[in-house]
Amino acid sequence: MLYFLRRTGFFVATLWAAVTLNFLIPRLQPGDPAQALLSRLQGNTQAVNPVQLAAIRKMLGTQDGNLLSQYWDYLGAVVHGQFGVSYSYYPYSVTAMIATALPWTLILVGVTQIASFVIGTLLGAWAAYRRNSRVDSVITLGSTFVGTLPFFWIALVLIFVFAITLNWFPDGGGYGGGSSPSWTWLFFSDAFQHSVLPALALLITGPVGWIIGMRNNMVQTLGEDYARLARAKGLPRRRIALTYGARIAILPNVTGFAIALGGLLGGTVLVETIFNYPGLGRLLLEAVSNKDYPLMQALFLFTTIGVLIANFLADVTYGFLDPRVRRAEAP
């Protein structure tokens, strides 16, 4: 019980610290969002009109008062789920903008994360099962080589080969300019074609970490005393690999997978920027570029809460699965 109480207290304290930093970091950045919006509307060559600047600040709902009063107002708004109006997409609310971009990120990054985890774990287990064989060498060396390649280079090569040279898939965007989001087969087909290249780029680099981690964990597990005892008893090699090796070696991968799923709400800034994909990653980049404090704070907060919840659930799961973890923190 002490283990779970400590983990809960740590989760609450970390969540409070994350919310506080989420409030402070955007406000420590130089610049004024109202002034940036006015300069973008009238151009950088004209002088800023104080009257127009005050009107834009009022229109955007920029908070007045000292930092402490803004902090308390911010905490109250977070508790009630109110994140204000987006500066970049006025008069749309932050919630509306996130709701528009969230499905794109969940479908693209969520599906590729799950596929990468499954592919990487299976290949890593197979490499460990066939340790020191040609299969092990091909999987290990191949994944290590792919892991050294820059992601943006892989994405640009895919665009050049399949979009520009072969013209098989679009080079960017979530859907074609002639269509609009709707529950029709034509739109889903168009959206699928636009998602193939970014998904392929993620699937090329995504499984690398899972392959190396699963292979190393399983090799170490198969070298433990209980695995040697199972071999001495004459148990089949495949049963030893599955029951004593993969079953235990996959636990660290499950923890990493839970944390990776928790970070889905942040999107993938690099891939969504390269492919101009309308997800949360590109929305976050636009919010940072435009000093859009409400949108930045909401995206950072969702990402942080997702990672913290995933980490907390992984800790609790470990406490149930492995009694040694609970005993280690017992007085």
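## Exercises on surface patches, a helix and loop residues

A positive surface patch is formed by R130, R131, R231 and R237. The model is predicted, so local features need pLDDT of at least 70 and side-chain atom pairs count only at pLDDT 80 or more, while totals for chains, interfaces and linings use all residues. Residues are numbered from 1 along each chain as its sequence is written, and side-chain values use heavy atoms, without hydrogens and water.

**Exercise 1.** Place R130 of the positive patch and state its exposure.

Solution. Step one: patch members have over 30% relative accessible area and no salt bridge, with like charges joined within 9 Å and nonpolar side chains (Val, Leu, Ile, Met, Phe, Trp, Tyr) within 5 Å. A salt bridge is a side-chain nitrogen of Lys or Arg within 4 Å of a carboxyl oxygen of Asp or Glu. Step two: R130 lies in the loop between α5 (94-129) and α6 (134-148); helices are DSSP runs of H or I with at least four residues, numbered from the N terminus. Step three: the relative accessible area of R130 is 34%, so R130 is partly exposed (buried is under 20%, exposed over 50%, partly exposed in between, with a 1.4 Å probe and protein chains only).

**Exercise 2.** Which residues form the nonpolar patch, and which helix gives the most to it?

Solution. Step one: the members are F152, W153, L156, V157 and L270, together with about 470 Å² of accessible area (Shrake-Rupley method, 1.4 Å probe). Step two: α7 gives the most, with four residues. Step three: V157 is found in α7, and its relative accessible area of 31% makes V157 partly exposed.

**Exercise 3.** Check the span of helix α9 (residues 207-222) and list its buried residues.

Solution. Step one: the expected span is 1.5 Å times one less than the number of residues. Step two: for the 16 residues of α9 this should be 22 Å, and the end C-alpha atoms are 22 Å apart, which agrees. Step three: the buried residues are P207, V208, W210, I211, G213, M214, R215, M218, V219, T221 and L222.

**Exercise 4.** Describe phi, place and exposure for N167 and N276.

Solution. Step one: most residues other than glycine have a negative phi. Step two: N167 has a positive phi of about 60°, and phi of N276 is near 55°. Step three: N167 is in the loop between α7 (151-165) and α8 (185-205); N276 is in the loop between α12 (269-274) and α13 (280-289). Step four: N167 is exposed at 60% relative accessible area, and N276 is partly exposed at 42%.

Notes
Helices (H or I, at least four residues) and strands (E, at least two) are DSSP runs, numbered from the N terminus. Lys and Arg count as positive and Asp and Glu as negative; His and the chain ends are not counted. The place of a charge is taken as NZ of Lys, CZ of Arg, CG of Asp or CD of Glu.
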